[in-house]
Amino acid sequence: MRSTTAIPSSAIASARGLVKTYGKGDTAVQALAGIDVDFTRGELTAIMGPSGSGKSTLMHCMAGLDTVTSGSVVIDGEDVGRMNQRQLTKLRRTRLGFIFQAFNLVPTLTAAENITLPLDIARRPVDRAHFEAIVAAVRLETRLHHRPSELSGGQQQRVACARALVAKPAVIFADEPTGNLDSRSSAELLGFLRRSVDDLGQSVVMVTHDPRVATYAHRVLFLADGRLVGEIINPTQASVLEVLGRLDATPATDAGDDSGVLAPIGF
Ligand SMILES: Nc1ncnc2c1ncn2[C@@H]1O[C@H](COP(=O)(O)OP(=O)(O)O)[C@@H](O)[C@H]1O
Ligand SMILES: [Mg+2]
């Protein structure tokens, strides 16, 4: 069933009645239990919630990386559920940017080649001025001809960030983008992501479990058990911690995919 709530024109990405169930029968897991959400154009939105609350699933379903069980997803006015595989691939290549915790760079390509890879695959020309502006912003000018193994973690994630931005996507989806970075590299990357929103009008949706990371967002959405349960506009570390504290009243053993990641600062 499709929800009839209209999608506001201010939304760059929206979901209505989004349900995602993994598996069948007794072993079925409902990762998303009916989500209505609008991600605002030209904003940095953070998604937070306990481990296993559905953050990554929401991002994957929004980005067409995973199929939905029911409900609809609209990206920049286009109904993702109505797209065939070819259209979905085109959407991902031309309208979306991705940054993951693992940097996902191609080891045999240089930094410059990794950055332009989405455009090269889509056989689209590289806007050199835009490329140079992004490379300067992430301070990779002297590292362009190095391969990922010759770069630090922070530099590799800046390459991934530049790669996400270079095609001028409608929206960038980032899942724990600073999860493998030290605090200084994290602050640099987040500052850059936020400036890409404030200065270039980029729209960014970012999953994080870290309250300090969430303070870079304009708005934070909170998930619990596959449902949207809260929202903070202009978050501070204190306001984020306060909501997380209420959600996390029964701390889980945290066996999800976040295991091995440092505990959130302030916990
Ligand atoms: N591929 C999958 N197969 C089965 N269950 C999954 C799969 N991916 C996620 N889940 C389950 O869905 C729920 C939400 O997971 P996830 O979206 O990864 O949470 P989060 O990112 O908030 O930690 C969890 O219970 C998780 O175990
Ligand atoms: Mg996750």
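A residue is called buried here if 20 or more other C-beta atoms lie within 10 Å of its own, exposed if 12 or fewer do, and partly exposed in between, with C-beta atoms placed from the backbone. With that in hand, strand β3 is a good place to start: Leu44, Ala46 and Met48 point one way from β3, Thr45 and Ile47 point the other way, and all are buried.

Some ground rules first. This is a predicted model, where local features need pLDDT of at least 70 and side-chain atom pairs count only at pLDDT 80 or more, while totals for chains, interfaces and linings use all residues. Residues are numbered from 1 along each chain as its sequence is written, and chains are lettered from A and ligands numbered from 1 in the order in which they are written. Helices (H or I, at least four residues) and strands (E, at least two) are DSSP runs, numbered from the N terminus.

## β3 and its partner strands

Strands of a sheet pair through backbone hydrogen bonds, either parallel or antiparallel. Two strands count as paired here if DSSP finds at least two bridges between them. β3 (residues 44-48) runs parallel to β9 (residues 219-224), with four bridges joining them. β3 also pairs with β8 (residues 204-207), again in the parallel sense and over four bridges. On its other side, β9 pairs with β10 (residues 227-233) in the antiparallel sense over six bridges. β9 and β10 form a hairpin with two residues between them, and Asp225 in that turn has a positive phi of about 50°.

Here are some of the bridge partners, if you would like to follow them residue by residue.

| Residue | Bridge partner | Partner strand |
|---|---|---|
| Thr45 | Arg219 | β9 |
| Ala46 | Val220 | β9 |
| Ile47 | Val207 | β8 |
| Val220 | Ile232 | β10 |
| Arg16 | Ser72 | β4 |

## A second, open sheet

The Arg16 row of the table belongs to another sheet, where β1 (residues 11-22) and β4 (residues 70-75) run antiparallel and are joined by five bridges. Four strands form this open sheet in the order β2-β1-β4-β5, and the pairing is antiparallel. β2 and β5 (78-79) stand at the edges with a single partner strand each, so one side of each is left without a neighbour in the sheet.

## The nonpolar core

In soluble globular proteins, nonpolar side chains tend to be buried together. A nonpolar core here is a set of buried Ala, Val, Leu, Ile, Met, Phe, Trp, Tyr and Cys residues joined through C-beta atoms within 7 Å. The largest one has 65 residues, and those touching the most other members are Ile47, Met62, Cys161, Ala162, Val171, Phe173 and Val205. Helix α5 gives the most to this core, with seven residues.

What does Ile47 contact, leaving aside its neighbours within four places in sequence? Ile47 is in contact (C-beta atoms, placed from the backbone, within 7 Å) with Lys55, Leu58, Met59, Val205, Val207, Leu221 and Leu223.

## Helix α8

In α8 (residues 237-247), the buried residues are Val240, Val243 and Leu244. They cover an arc of only 100° around the axis (taken from the directions from the helix axis to the C-beta atoms), which puts them on the same side of α8. The cover over these buried residues includes β3, α7 (211-214), β9 and β10. Turned away from the buried side, the other face of α8 carries the exposed residues Ala238, Glu242, Gly245 and Arg246.

## Around ligand 1

Ligand 1 has 15 residues around it (C-beta atom, placed from the backbone, within 6 Å), and Tyr22, Ala31, Lys55, Ser56 and Thr57 come nearest. The elements that give two or more residues to this shell are β2 (29-40) and α1 (55-62). α1 gives the most, with three residues. By class, the shell has three nonpolar (Ala, Val, Leu, Ile, Met, Phe, Trp, Tyr, Cys and Pro), three charged (Asp, Glu, Lys and Arg) and nine polar residues (the others, Gly among them).

## Two loop residues with positive phi

Most residues other than glycine have a negative phi. Arg139 has a positive phi near 55° and lies in the loop between α4 (128-137) and α5 (153-166). Arg139 is partly exposed, with 13 other C-beta atoms within 10 Å. Lys168, in the loop between α5 and β7 (171-175), has a positive phi near 50°. Lys168 is partly exposed, with 15 other C-beta atoms within 10 Å.

Key: Contact = placed C-beta atoms within 7 Å.
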